[in-house]
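Trainee: I should like to examine how the descriptive terms for this structure are justified. May we take them one at a time?

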Amino acid sequence: YPNGNDNKKAIEIAKRLFRKLDIEETLIDRIADWIDPDTIERLQDSEKYSKNRVLYSIEELKYIKGFNNNLINKISEYITVFGDRSSEAGKININTAKSVLIMSLVEGLDESIVENIINYREKSPFRSISELRNVAGIGPFFQELSSRCVVKSKFFKINITASVKDLFKTIIKIVKIENNTTKLLFYREF
């Protein structure tokens, strides 16, 4: 929400994703109100106690009405709170994204085309976004889809779990790797 303006396209994509995951899409409006800098409510009471800043972790969603641990676990493999403000902000890695996420990026993109994308990348990962043109059926969706994808990730989630007898320890790290430099964005032990 730079300068207080909504990213309407991101909200639209997120609502499509929630519909495809069979989750109430008005929760996206609650997230938007939680992080946007204004006090204008999209839904009744959605600005009440809102943070009016970006989320620092997915777990923060539990402070938003309608979210619980089960729902957060369900969506955590599809969304992230980490990103940057570069030209690649909000883009997904077409080589690793799950089919439901790819389908959510462009209205009308159906399962058969997404299956073609996945089959293509299984044979050989995309080396450039222009290679999407080689996917059967992509024609009318290429421009919009290619503007929302990258072929190489900068952000990585690392989960480490260790156990000794009945003692378990889990560490989660989110890192950004760019120009041979690794930057730690999030760290949690439990």
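Mentor: Certainly. Please bear in mind that this is a predicted model. E131 is a suitable start; this residue lies in the loop between α5 (111-123) and α6 (142-146).

Trainee: Why is E131 called buried?

Mentor: Its relative accessibility is 11%, and buried means under 20%. The value falls under the cut-off, so E131 counts as buried.

Trainee: What makes the pair E131 and Y120 a polar contact?

Mentor: The side chains of E131 and Y120 are joined at 3.3 Å, and the limit for such a pair of N or O atoms is 3.5 Å. Setting aside neighbours within four places in sequence, E131 is in contact with Y120, P125 and F126.

Trainee: How many residues does the largest nonpolar core have, and which of them have the most contacts inside it?

Mentor: That core has 44 residues, and F67 and L145 have the most contacts inside it. At least two residues of the core come from each of α1 (8-20), α2 (26-35), α3 (69-75), α4 (99-105), α5 and α6. The largest share, six residues, is supplied by α2. In soluble globular proteins, nonpolar side chains tend to be buried together.

Trainee: Which residues does F67 touch, not counting those up to four places away in sequence?

Mentor: F67 touches F18, L27, I31, L61, K62, I72 and I75.

Trainee: What pattern does the protein chain follow along its sequence?

Mentor: The pattern is α-α-α-β-α-α-α-β-β-β-β, with six helices and five strands in the chain.

Trainee: Why is the chain described as being as compact as a globular protein of its length?

Mentor: The radius of gyration is 18 Å, and the globule rule gives 16 Å for 190 residues; the two are close, so the description applies.

Trainee: How do you know that β3 and β4 pair?

Mentor: Pairing requires at least two bridges, and β3 (residues 155-164) and β4 (residues 167-178) have ten, in the antiparallel sense. Within this pairing, F156 has V175 in β4 as its bridge partner. The hairpin of β3 and β4 has two residues between the strands, and K165 takes a positive phi near 55°.

Trainee: What supports the pairing of β4 with β5?

Mentor: Set against the requirement of at least two bridges, β4 and β5 (residues 181-189) have eight, again antiparallel. I172 stands opposite R188 in β5. These strands form a hairpin with two residues between them, and N179 in the turn has a positive phi of about 55°.

Technical notes: Residues are numbered from 1 along each chain as its sequence is written. This is a predicted model: local features need pLDDT of at least 70, side-chain atom pairs count only at pLDDT 80 or more; totals for chains, interfaces and linings use all residues. Side-chain values use heavy atoms; hydrogens and water are left out. Helices (H or I, at least four residues) and strands (E, at least two) are DSSP runs, numbered from the N terminus. Buried means under 20% relative accessible area, exposed over 50%, partly exposed in between (1.4 Å probe, protein chains only). A polar contact is a pair of N or O atoms within 3.5 Å; within protein, one must be able to donate a hydrogen and the other to accept it, and residues adjacent in sequence count only if both atoms are side-chain atoms. Contact means heavy atoms within 4.5 Å. A nonpolar core is a set of buried Ala, Val, Leu, Ile, Met, Phe, Trp, Tyr and Cys residues joined through side-chain atoms within 4.5 Å. The radius of gyration is taken over C-alpha atoms; the globule rule is 2.2 Å times the number of residues to the power 0.38.
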